[in-house]
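Colleague: Please take me slowly through the helix packing in this structure, together with the loops beside it. I am new to it, so I would like each term explained as it comes up.

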Amino acid sequence: MKNDQPIKIKKTVIIVGYACNNNCQFCIDSNKRELLNKTTKQILDEMAGAKKRGTTYLEFIGGEMTIRPDFIDLLKEAKKLGFKTIMIATNGRMLSYLDYAKKVVAAGLTNIVFSVHGHNAKVHDFLTQSEGSFDQLMAGLANMKNLLGLEAIGSNTTIVKYNYKSLPKIGKLIWGLGIRNSEFIFIDCNEGAAYDNFDEFVPKISVAAPFIRQCLAIGQKGKAPHWHIRYVPLCYFVDYLDQISELQEVKKFRTEHLAPDFINLDVESSRPQVGRAKPERCLKCRLSLQCEGIWKNYLKHYGDQELKPIREK
Ligand code: SF4
């Protein structure tokens, strides 16, 4: 029988620990900072295991990977193991030091995603609770643009009550920096700071959606290859279905997460089953099969009245 399914990329995300040199107010790991960071040996073993399981795309996230003393050695080992993509997600601050940035690239890093939570220092530093973090981020980004090239660079932005109105400006900043690989992420309120302080951080989707759409329109108009929104109900983004992360990644990746406190070997399937929900009103929506709904804890606080089932055409 002919199989037309595209071959998916096997991706392993190693969460190296939760220590960080920023202190983001909305951090999903706010309650985990005290957990032990993984040892070098643990990470080496996990990389070797991932290689055996067929992973070609290796991603390190934290916490903050760049502050680990073994970061360069781990990159060298990942390169030696032959992963096609070796990527980190970072706040970018350590990479503002040019010598360090050069060592990171020489050791084998192939791709990088910077966290950009504001369009200026005032918004970004307020959210990271780290004075100077925006300036260091911009310097780190400039260094990596020169060393790795724009193709290898992406960004992510967490959407919270404090920055959703700035999203069109944040989008413009990222676009102006030349980045065409961006994720805008509606905050996960099932755990961490947004669970503990829901009212402070989680905007109503109906209120944030017009700003998110303006931001998405920047990438749509400019035909960016990847300018996506993540973790939103589809009914507010019917004209942007090509820019919904989950719809795209499920076609492209088979992802596993290896954290100090959990292992998830099937990220694409477990999120809609465990973290998100579609209430009864979604049953009559024509997008229901594709849509993951919204975070369960969001429904507990705001209810389901904002969700607008889309009728059959
Ligand atoms: S009504 Fe429900 S199923 Fe339809 S798009 Fe909205 S959240 Fe998704």
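Modeller: What follows looks at two helix pairs and the loops beside them.

This is a predicted model, in which local features need pLDDT of at least 70 and side-chain atom pairs count only at pLDDT 80 or more, while totals for chains, interfaces and linings use all residues. Residues are numbered from 1 along each chain as its sequence is written, and side-chain values use heavy atoms, with hydrogens and water left out.

Two packed helices are described by the angle between their axes and the distance between those axes. Helices (H or I, at least four residues) and strands (E, at least two) are DSSP runs numbered from the N terminus, and axes are lines fitted to C-alpha atoms, for helices over the stretch in contact, with angles running from 0 to 180 degrees between N-to-C directions.

Helix H2 (residues 71–81) packs against helix H3 (residues 98–107) at about 25 degrees, their axes lying 8 Å apart. H2 is therefore roughly parallel to H3, a label for angles under 35 degrees, whereas over 145 counts as roughly antiparallel, 65 to 115 as roughly perpendicular and the rest as oblique. In this contact (heavy atoms within 4.5 Å), H2 supplies Phe71, Ile72, Leu75, Lys76 and Lys79, while H3 supplies Tyr100, Lys103, Val104, Ala106 and Ala107. Seven of these residues are nonpolar, none is polar and three are charged, where Ala, Val, Leu, Ile, Met, Phe, Trp, Tyr, Cys and Pro count as nonpolar, Asp, Glu, Lys and Arg as charged, and the others, Gly among them, as polar.

The loop between strand E2 (57–61) and H2 holds Gly63, and the peptide bond from Gly62 to Gly63 is cis, with omega near 10 degrees.

In the second pair, the axes of H4 (residues 121–128) and H5 (residues 133–148) come within 8 Å and cross at roughly 110 degrees, so H4 and H5 are roughly perpendicular to each other. Ala121, His124, Asp125 and Thr128 of H4 meet Ser133, Phe134 and Leu137 of H5, giving three nonpolar, three polar and one charged residues. Gln129 sits in the loop between H4 and H5, and its phi is near 55 degrees, a positive value in a residue other than glycine.
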